[in-house]
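Colleague: I would like to learn how to read a model like this one, feature by feature. Could you take me through it, with the general idea before the particular case?

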Amino acid sequence: KEVMPHAFIGVDVIVGTRGETDEYFTDAYEYIKGLDFSQLHVFSYSERAGTLALKIDHCVSPEEKKERSHLLLECSEEKRRRFYKQFIGQTLPVLFEHSKSQEMIGGFTPNYIRVEVPYNTDLDNEICLVKLIELNEDQSAIRGEIIY
């Protein structure tokens, strides 16, 4: 973050490993919440035959893995929205991707902010300067306005 303060940083997290007690998860969750990242990729631990992990006694139930994943994904969404919001009002280049939707076409800024504008077939695989206006309805992207 010191070298590239506007970098989108994604972090992979495995939840529900053997030995992950409630206390360990809570400590890890609080630590993760305090990190300056943009998004989490959350994966549930799954058993692998023949691994040493099978010797660890404490197993996390599938229901608990699901709940812990949910908590981490909520944290991730909050961090991603916060990251996106700091760029509203700026004008950035966006590489647009092919869209199956006839309403909106989306793309990404160089630092991986998802941007959408009204559908236009001429934008497919093009880089345009876009003013970032506001989060879209489901807050999964920023609505933009093509500058050129």
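Colleague: Which residues of α1 meet which residues of α2?

Modeller: In this predicted model, a contact is read from heavy atoms within 4.5 Å. On the α1 side the residues are Asp-22, Phe-25, Tyr-29, Ile-32 and Lys-33, and they meet Glu-64, Arg-68, Leu-71, Leu-72, Cys-75 and Lys-79 in α2. Sorted by character, the residues of this contact comprise six nonpolar and five charged, with no polar ones.

Colleague: At what angle do helix α1 and helix α2 pack, and how far apart are their axes?

Modeller: Helix α1, residues 22-33, and helix α2, residues 62-85, pack at an angle of about 10°, and their axes lie 11 Å apart. Because angles under 35 degrees count as roughly parallel, α1 is roughly parallel to α2.

Colleague: Is Glu-20 buried or exposed?

Modeller: The relative accessibility of Glu-20 is 11%, and since buried means under 20%, Glu-20 counts as buried. Glu-20 sits in the loop between β1 and α1, and, leaving aside its neighbours within four places in sequence, its contacts are Ile-14, Val-15, Phe-25, His-58, Val-60 and Arg-68. Two of these, Phe-25 and Arg-68, also appear among the residues through which α1 and α2 meet. Between Glu-20 and Cys-59 the C-alpha to C-alpha distance is 7.5 Å, although the two are 39 residues apart in sequence.

Colleague: How should I read the strands, and what joins β6 to β3 and to β7?

Modeller: As a general idea, the side chains of a regular strand alternate between the two faces of the sheet. Here strand β6, residues 127-135, runs antiparallel to strand β3, residues 91-96, and five bridges join them; Leu-92 stands opposite Val-130 in β6. Five bridges also join β6 to strand β7, residues 142-146, again in an antiparallel arrangement, with Ile-142 in β7 as the bridge partner of Leu-135. The hairpin of β6 and β7 has six residues between the strands, and there Gln-139 takes a positive phi near 60°.

Colleague: Finally, what pattern does the protein chain follow along the sequence, and how does its radius of gyration stand against that of a compact globule?

Modeller: The protein chain has two helices and seven strands, which follow one another as β-α-β-α-β-β-β-β-β. Its radius of gyration is 19 Å, where a compact globule of 148 residues would have one near 15 Å, and its C-alpha trace spans about 60 × 35 × 25 Å along the principal axes. Of the 148 residues, 35% count as buried.

Technical notes
Residues numbered from 1 in each chain as written. Predicted model: local features only at pLDDT ≥ 70, side-chain atom pairs only at ≥ 80, totals over all residues. Heavy atoms only, no water. Axes fitted to C-alpha atoms, helices over the stretch in contact; angles between N-to-C directions. Helix = DSSP H or I, 4+ residues; strand = E, 2+ residues; numbered from the N terminus. Parallel < 35°, antiparallel > 145°, perpendicular 65-115°, else oblique. Nonpolar A, V, L, I, M, F, W, Y, C, P; charged D, E, K, R; others polar. Pairing = 2+ DSSP bridges. Rg over C-alpha atoms; globule rule 2.2 N^0.38 Å. Buried < 20%, exposed > 50% of the residue type's maximum accessible area, 1.4 Å probe, protein only.
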